[in-house]
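Reader: Could you take me through this structure slowly, setting each value beside the definition it depends on?

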Amino acid sequence: MKICLFNGGRVGVVIGDDVADVTSVLDRLPSFRYPLPRNDVLIAALPTLQPAFEAAVVAAPRIPLAEVLLESPVANPGKLIAAPVNYQAHLDEAIADEATFSRAHVRKIQETGLFLKATSSLVGASADIVIGLPDRRTDHEVELAVVIGKTAKNVLAADALQYVAGYTIGLDITIRGPEERSLRKSLDSYSVLGPWLVTAEELGDPSGLDLALDVGDEPRQRANTRDLIMNVGDLIEFASKFYTLEPGDILFTGTPEGVGPIQPGDTIRASIDRIGALEMAVTQ
Ligand code: MN
């Protein structure tokens, strides 16, 4: 199942080129009082909501996808966790370009560990990427993004995919330079998820997915998730040693080779096998 959020918090199931509006199912969520849960309550409830979505699709109003504004398919992730250099070819290009890639940040993922992006940086596929500091080099990074479905702590890689609710395309927009990653990658609109979430059972094995990113007519990134240094299971094992993973937490799995600068006026198109594609304008 492909689940999207659109038009101000409405929930849809994507069917072909249409969205079936199943927002009425949200009435099944428990009502909350302060203090609110720190996880994403829709993702936490997905195992019970999904059959209700399936039932609601039959009579749901349908809207052409082209006419809706797509938001991040996870509205309230508690954490945006991200893997630094996690493809060997991207590590090689970073090592080769000392002017762009700060030496302090060019190490193997097993040594660097993971980092966090601010949740305030998160937007969906119909937003613009707004260049925040025009005097600095800002790069695109396309990544497979994993949506955690169940609370996970000290999970083994072999068991890790049981904790995944689904997958989506992630863009980890990045200012190059010497500061900590969490600062350079957390400007407003510098974390993108979309166009929708594909549930784990629909996507299947995440280890052989082609991913691509173009800027305008120019192909920039072409890779396959089989070349991840730490795959999805490895990353969940690693992350869950440090953090308790909660429903709705996002794991950006790292970008492959071919990163490059973007500027206002550019159009970014990104796609991943069995998920779909998104297209976004870069503005100032
Ligand atoms: Mn990245």
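Author: Let us begin with a proline: Pro-195 lies in strand β14, which covers residues 191–199, where helices (H or I, at least four residues) and strands (E, at least two) are DSSP runs numbered from the N terminus. The model is a predicted one, in which local features need pLDDT of at least 70 and side-chain atom pairs count only at pLDDT 80 or more, while totals for chains, interfaces and linings use all residues. Residues are numbered from 1 along each chain as its sequence is written, and side-chain values use heavy atoms, with hydrogens and water left out.

Reader: What makes the peptide bond from Gly-194 to Pro-195 cis?

Author: The omega angle of the bond from Gly-194 to Pro-195 is near -5°, and the bond is cis. A cis peptide bond also joins Tyr-34 and Pro-35, with omega about 0°, and Pro-35 has its place in the loop between β3 (18–21) and α1 (41–57). Most peptide bonds are trans.

Reader: Why are Glu-141, Glu-143 and Asp-172 called donors of the manganese ion?

Author: Donors are N, O and S atoms within 2.8 Å of the metal (3.2 Å for Na, K and Ca), and since water is not among the atoms, sites may look incomplete. The OE atoms of Glu-141 and Glu-143 and the OD atom of Asp-172 lie 2.0 to 2.1 Å from the manganese ion, so they meet the 2.8 Å limit. Along the chain these donors follow the spacing E-x1-E-x28-D. Because Glu-143 lies in strand β11 (residues 142–148) and Asp-172 in strand β12 (residues 164–172), the pair ties together parts that are 29 residues apart in sequence.

Reader: How do you know whether Glu-143 is buried or exposed?

Author: Buried means under 20% relative accessible area, exposed over 50%, and partly exposed in between (1.4 Å probe, protein chains only). Glu-143 has 0% relative accessibility and therefore counts as buried, and Asp-172, with a relative accessible area of 0%, is buried too. Ala-165, found in strand β12, has 13% and so counts as buried.

Reader: What is Ala-165 in contact with, leaving aside its neighbours within four places in sequence?

Author: Contact means heavy atoms within 4.5 Å, and by that rule the partners of Ala-165 include Ile-43, Leu-46, Val-147, Leu-197 and Ala-200. The C-alpha atoms of Ala-165 and Glu-67, by comparison, are separated by 27 Å, with their places 98 residues apart along the chain.

Reader: What is noted about phi at Asn-154 and at Arg-274?

Author: Most residues other than glycine have a negative phi. Asn-154, in the loop between β11 and β12, has a positive phi of about 55° although it is not a glycine, and at 53% relative accessibility Asn-154 counts as exposed. Arg-274, in the loop between β19 (267–272) and β20 (276–283), has a positive phi near 65°, and its 43% makes Arg-274 partly exposed.

Reader: Why are β15 and β16 said to pair?

Author: Two strands pair if DSSP finds at least two bridges between them. Strand β15 (residues 210–215) and β16 share 6 bridges in the antiparallel sense, so the requirement is met. One bridge partner is Asn-224 in β16, which is matched with Asp-210. Both strands belong to an open sheet of 5 strands with mixed pairing, in the order β9-β20-β19-β15-β16. Its edge strands are β9 (129–130) and β16 (218–224), each of which pairs on one side only.

Reader: What makes a group of residues a nonpolar core?

Author: A nonpolar core is a set of buried Ala, Val, Leu, Ile, Met, Phe, Trp, Tyr and Cys residues joined through side-chain atoms within 4.5 Å. The largest one has 58 residues, of which Ile-129, Tyr-167, Leu-171, Ile-236 and Ile-275 touch the most other members. Helix α6 (residues 232–242) gives the most to this core, with 5 residues. Domain 1 (2–71) and domain 2 (80–283) both contribute residues, so this core lies between them; the domain bounds come from an automatic or database domain assignment.

Reader: How much area do domain 1 and domain 2 bury between them?

Author: Buried area is the accessible area (1.4 Å probe) that two parts lose on being put together, summed over both. For domain 1 and domain 2 this comes to about 1,300 Å², 62% of it on carbon and sulfur atoms. Lys-2, Ile-43 and Leu-70 supply 46% of the area that domain 1 buries against domain 2, more than any other three residues.
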